[in-house]
2 protein chains.
Amino acid sequence: MTPTFSLVARDPATQARSGVLHTAHGTVATPVFMPVGTRGTVKALTPDDLREHGAQIILGNTYHLYLQPGHDLIARRGGLHRFMGWEGPILTDSGGFQVFSLVYGGIADEVKGRRPQHPSRLGDMVRVTEDAVLFKSYLDGSRHVFTPERSITVQHGLGADIILCFDELPPFRAGYDYTRESMGRSHRWAARCLAAHRERDPQALPNPDQLLFGIVHGGVFPDLRRASGETIGAMGFDGLCIGGSLGADKAQMYEVVAMTVPHLPAGLARHLLGVGDVDDLLEGVARGIDMFDCVSPTRLGRHGTALVRDRERRWKLNVQNATLREDDEPLQAGCSCYTCRNFSRAYIHYLYRAKELLGIRLVSLHNVAFLLALMADIRAAINEGRFTALYSDWLGRPPVV
Amino acid sequence: MTPTFSLVARDPATQARSGVLHTAHGTVATPVFMPVGTRGTVKALTPDDLREHGAQIILGNTYHLYLQPGHDLIARRGGLHRFMGWEGPILTDSGGFQVFSLVYGGIADEVKGRRPQHPSRLGDMVRVTEDAVLFKSYLDGSRHVFTPERSITVQHGLGADIILCFDELPPFRAGYDYTRESMGRSHRWAARCLAAHRERDPQALPNPDQLLFGIVHGGVFPDLRRASGETIGAMGFDGLCIGGSLGADKAQMYEVVAMTVPHLPAGLARHLLGVGDVDDLLEGVARGIDMFDCVSPTRLGRHGTALVRDRERRWKLNVQNATLREDDEPLQAGCSCYTCRNFSRAYIHYLYRAKELLGIRLVSLHNVAFLLALMADIRAAINEGRFTALYSDWLGRPPVV
């Protein structure tokens with residue numbers, strides 16, 4: 001039997017590595033960035049757009065698809081692949097992150113440490129017990145219950161190639177004791193997810209060959225990350241995610257990754273959940289991460305921000321900036337995406353000023369293509385033994401990991 | 001020298017005819033439908049989408065592009081083709097229609113006879129003199145003056161392959177006397193447009209080989225339509241449009257076309273301005289029309305209406321209809337557009353319910369492709385001597401023209 005994940009090359013100077021991940025809908029060369037199709041569509045882009053620009057795998061959100069149009073409806077359509085017209089690999093998250101992050105605006109920020117918690121509001125919208133999470137729908141306030149088993153059942157209906165364990169997202173400021181308690185619960189839930197997955201009837205599902213990834217918790221605490229990595233890493237999952245609180249800022253996130261990765265089995269692919277800034281991708285790869293996902297390229301596109309090779313400006317260009325009004329260059333010189341092959345900054349600037357929908361599509365497409373091209377460059381660099389040079393070229397300094 | 005327009009075939013039973021129109025950016029097989037890119041983009045679609053689905057020529061609106069981003073800016077970019085990345089033929093209107101139709105909501109309906117006029121409000125937003133039209137911008141209320149010469153200059157800057165004479169749009173209920181007076185003015189303006197076009201310095205313009213089409217007026221009055229057809233038809237234009245009031249309803253519009261076409265030179269292409277319903281295309285072709293344009297396919301797409309082969313429902317399907325929720329068929333069985341090749345009604349229904357942008361793009365693309373495919377079928381039918389059968393197949397009765 002082909003192993004799920006095979007290493008191809010290791011960088012001699014960092015933890016960076018390249019590999020191949022095998023799924024029921026094809027293989028994925030890693031390190032990989034997966035565009036996010038939260039609600040069964042990578043916003044404003046078609047499957048063709050994605051395929052033609054090098055997307056290998058995309059992510060769908062279980063929470064959203066469960067609420068609308070429902071996993072049963074999607075299962076009756078033959079699963080998410082057929083429903084959305086994407087025949088490549090798909091990963092679905094478990095719904096855990098959204099249960100906690102969407103119950104009220106901002107806990108996504110809170111989980112990532114950017115905002116103080118509001119425990120009272122949290123308690124109103126979501127309740128956690130040993131058995132289950134009760135939460136209200138972001139669409140209509142209706143009440144729902146997710147258990148680990150329920151999340152797995154929903155993901156079986158969606159039929160993604162990679163599914164994730166259901167876990168609790170403790171707020172960043174939860175402190176050591178709550179983080180440890182929550183981690184223990186997520187570990188017990190992981191065992192329940194694994195059992196539920198093993199008990200499935202594959203022939204009754206749109207995708208009989210789903211892989212189940214575990215999620216490593218432990219917040220910002222080295223001993224908890226180690227304990228979680230060792231525990232989850234030994235449970236028999238097909239791959240691993242680094243989840244939970246990643247700290248207050250990027251520096252702490254890199255620390256969390258560095259303190260976690262050494263405790264993960266080398267033979268399993270490692271996904272850093274919800275991360276996708278240019279520097280985060282390079283820093284993550286340098287610390288041994290194989291998989292990334294983030295809504296940022298399409299979200300930035302909707303807000304008129306294009307990704308460009310400009311480290312000073314955090315790789316961001318506001319396309320509505322007046323300096324672009326008569327700029328005949330593409331968004332990024334040398335970029336081979338459809339947008340940059342065909343349109344000038346002046347035209348895109350005009351489309352946003354005129355509020356024409358095409359602008360969102362063109363910049364979203366460029367941004368996704370930009371990150372996919374970066375990842376392809378990273379893979380080639382690892383395979384050719386020059387990752388350190390590529391890293392330095394992008395970040396202006398050598399890796400320190 | 002190649003003639004601008006060459007007839008290929010004539011239908012023996014109707015006035016339908018096929019031909020080839022030669023422009024600086026390629027040839028156009030007629031009868032043709034041109035998708036409308038009002039503001040330098042066919043809404044939500046890329047040039048590739050259009051090309052791959054058989055669009056031969058598109059229309060841009062001078063009024064909108066003059067106000068934003070400005071024809072000078074577009075000229076400095078090398079013209080509208082290069083600015084918007086569409087290398088095929090383009091037609092721009094003169095701005096006349098929008099000057100009158102956008103000064104307040106609804107005069108577009110009024111011109112087409114669907115709404116009573118409001119002369120007082122009209123007078124507040126637009127003033128017509130023998131020399132010029134003064135109007136306020138729909139964007140910011142700023143005051144602008146268009147003369148026939150100014151419209152031609154603006155269209156020279158945009159660089160479309162076919163440009164139109166600047167004309168006045170009298171309201172449908174203007175009556176015989178005003179319609180005759182307005183027609184006379186539009187004729188004098190046509191002569192001024194022709195003179196301004198002949199005096200241009202082609203080498204200073206983005207597109208030195210622009211064709212100028214005249215516009216036939218006369219409202220719903222046979223003697224005026226005849227007079228205008230003969231006058232405009234003899235002035236030396238490269239092609240002709242049927243403009244002005246087309247009557248109170250579709251039946252009257254077909255009468256207006258039928259009373260006008262016999263007075264137009266057979267050797268010039270004939271464009272029925274702003275018309276594009278399925279029945280209008282078939283009825284127009286049967287009465288000798290070669291060219292059509294309409295915003296309807298993309299406007300319908302934004303509002304969630306798909307074009308389908310269902311005469312009973314006026315060829316319209318509301319994709320948000322609950323009956324589509326689990327419908328695994330494409331929007332239109334047998335349609336070869338990207339949308340129908342890849343997505344079900346259930347998925348598109350879901351996208352609209354979820355307010356996902358991709359829905360607008362997929363339905364807009366289908367609608368444009370649907371009309372382009374109809375026109376291709378019409379051309380083939382004329383060339384193969386079976387237009388009457390095609391017409392009857394679509395409309396359920398033989399043509400009566």
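In the predicted model, helix 10 of chain A comprises the twelve residues 222-233, for which a rise of 1.5 Å a residue gives an expected span of 16 Å; because the end C-alpha atoms of this helix are 16 Å apart, the expected and computed spans agree. The buried residues of helix 10 of chain A are Leu224(A), Arg225(A), Ser228(A), Gly229(A), Thr231(A) and Ile232(A). These buried residues pack against two helices of chain A, namely helix 9 (175-198) and helix 11 (250-260), and against two strands of that chain, strand 11 (211-216) and strand 12 (239-242).

In chain B, three strands are arranged as an open sheet in the order 7-8-9, with antiparallel pairing. Strand 7 (126-128) and strand 9 (143-146) of chain B form the edges, each of them pairing on one side only, and the twist from one strand to the next averages 15°. Strand 7 of chain B is joined by three bridges to strand 8 (residues 133-136) of chain B, the two running antiparallel, and Arg127(B) is placed opposite Leu134(B), a residue of strand 8 of chain B.

With regard to the relation between the chains, chain A is superposed on chain B, with an RMSD of 0.0 Å, by a rotation of 180° accompanied by 0.0 Å of shift along the rotation axis. The two copies are therefore related as by a two-fold rotation axis. Among the residues of chain A, Leu357(A) comes closest to this axis, its C-alpha atom lying at 4.2 Å. Of the interface residues of chain A, 100% are also interface residues in chain B, so the copies meet through the same surface.

Definitions and conventions: Residues are numbered from 1 along each chain as its sequence is written. Chains are lettered from A and ligands numbered from 1 in the order in which they are written. This is a predicted model: local features need pLDDT of at least 70, side-chain atom pairs count only at pLDDT 80 or more; totals for chains, interfaces and linings use all residues. Copies are superposed by least squares on the C-alpha atoms of residues with pLDDT of at least 70 in both. Two residues are in contact if their C-beta atoms, placed from the backbone, lie within 7 Å. Two strands pair if DSSP finds at least two bridges between them. Helices (H or I, at least four residues) and strands (E, at least two) are DSSP runs, numbered from the N terminus. Axes are lines fitted to C-alpha atoms, for helices over the stretch in contact, and angles run from 0 to 180 degrees between N-to-C directions. The expected span of a helix is 1.5 Å times one less than its number of residues. A residue is buried if 20 or more other C-beta atoms lie within 10 Å of its own, exposed if 12 or fewer, and partly exposed in between; C-beta atoms are placed from the backbone.
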